[in-house]
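These are my notebook entries from a first reading of this structure. I set down what I looked up, one topic at a time.

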Amino acid sequence: MQSLALPVPIPTTLPFNLPSRKRMLLRALLLRCPHCGGKGIFETVFTLKKQCPTCGLRTQRGEDDYFVGAYLFNLCMVEAILWVGAFSCIALTYPDTPWTLLTWVTGILMIVGCFACYPFAKTTWLAVDLSIRPLTKEELEWHSEDGAFGDRVLSHI
Ligand SMILES: [Zn+2]
């Protein structure tokens with residue numbers, strides 16, 4: 001089990017502003033914190049830090065199974081790549097569509113796409129969640145404290 005201790009104290013003196021949905025989505029697509037736009041929210045290519053180093057937002061917002069939504073987004077992104085790629089190829093080459101080549105290329109695209117889209121799926125899901133359940137100042141303060149996930153009742157549960 002991972003430690004819930006925070007690596008560095010997060011400044012709580014930042015002004016609390018709720019960005020627009022469009023801005024949060026754009027920040028997520030740039031792999032930045034959807035809330036503040038801060039850089040460096042990834043520990044590794046596939047792992048988010050526990051908190052945004054700029055604003056202190058917990059990237060899992062207090063839920064253990066939080067990134068099931070990110071997995072769903074990743075699946076949707078990869079499926080979109082598959083469908084757009086396959087139908088574009090068919091539309092451009094019909095009736096002489098190279099079916100064997102199309103099968104191999106789309107298969108490879110799906111495998112590569114799973115890894116390539118995963119970081120974007122995580123930040124995009126966080127942005128969508130922040131749009132659905134807007135962050136409150138109280139929640140952000142809780143994120144900045146060293147509280148355990150179980151010591152807070154979330155309003156949406
Ligand atoms: Zn942030």
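**Entry 1. The proline in the loop.** I began with Pro-95 and found it in the loop between helix 2 (68-93) and helix 3. I then looked up the peptide bond leading from Tyr-94 into Pro-95; this bond is cis, with omega near 10 degrees.

**Entry 2. Confidence.** I noted that I am reading a predicted model. For the chain I recorded a mean pLDDT of 84, with 82% of the residues reaching 70 or more. Which elements mark the two ends of the confidence range? Helix 1 (residues 21-29) has the highest mean pLDDT, 96, and helix 4 (residues 137-144) has the lowest, 80. I kept a general caution beside these values: where pLDDT is low, the predicted coordinates should not be read in detail.

**Entry 3. Overall make-up.** I counted 4 helices and 0 strands in the chain. Along the sequence the pattern reads α-α-α-α. Of the 157 residues, 22% count as buried. I also looked up the contacts with a separation of 6 or more, and 64% of them join residues 24 or more positions apart.

**Entry 4. Helix 1.** I asked which residues of helix 1 are buried. They are Met-24, Arg-27 and Ala-28. Viewed down the axis of helix 1, these buried residues fall within an arc of 100 degrees, and therefore they line one face of the helix. The general rule I recalled here is that an α-helix has 3.6 residues a turn, so residues three or four places apart point the same way. I then checked what covers the buried residues of helix 1, and the cover includes helix 3 (99-132).

**Entry 5. After helix 1.** Leu-31 follows helix 1 and is found in the loop between helix 1 and helix 2. Its phi is near 60 degrees, a positive value in a residue other than glycine. Is Leu-31 buried or partly exposed? I found 17 other C-beta atoms within 10 Å of Leu-31; a residue needs 20 or more to be buried, so Leu-31 is partly exposed.

**Entry 6. The largest nonpolar core.** I listed 9 residues in the largest nonpolar core: Met-24, Ala-28, Ala-70, Phe-73, Ala-121, Trp-125, Leu-126, Ala-127 and Leu-130. Helix 1, helix 2 and helix 3 each supply at least two residues of this core. Helix 3 gives the most, with 5 residues. I looked more closely at Trp-125: not counting residues up to four places away in sequence, Trp-125 touches Phe-67, Gly-69, Ala-70 and Phe-73. Apart from this core lies another, of 8 residues, among them Cys-33, Cys-36, Cys-52 and Leu-140.

**Entry 7. Before helix 1.** I ended with Leu-18, which is found in the segment before helix 1. Leu-18 has 14 other C-beta atoms within 10 Å and is partly exposed. Which residues does Leu-18 contact, leaving aside its neighbours within four places in sequence? I found Pro-134 and Leu-135. I also looked up Leu-130, which stands 112 residues from Leu-18 along the chain; the C-alpha atoms of the two are separated by 9.3 Å. Leu-130 is one of the residues of the largest nonpolar core.

Notes. Residues numbered from 1 in each chain as written. Predicted model: local features only at pLDDT ≥ 70, side-chain atom pairs only at ≥ 80, totals over all residues. pLDDT = per-residue confidence, 0-100. Buried ≥ 20, exposed ≤ 12 C-beta atoms within 10 Å, placed from the backbone. Arc of directions from axis to C-beta. Contact = placed C-beta atoms within 7 Å. Core = buried A, V, L, I, M, F, W, Y, C linked by C-beta atoms within 7 Å.
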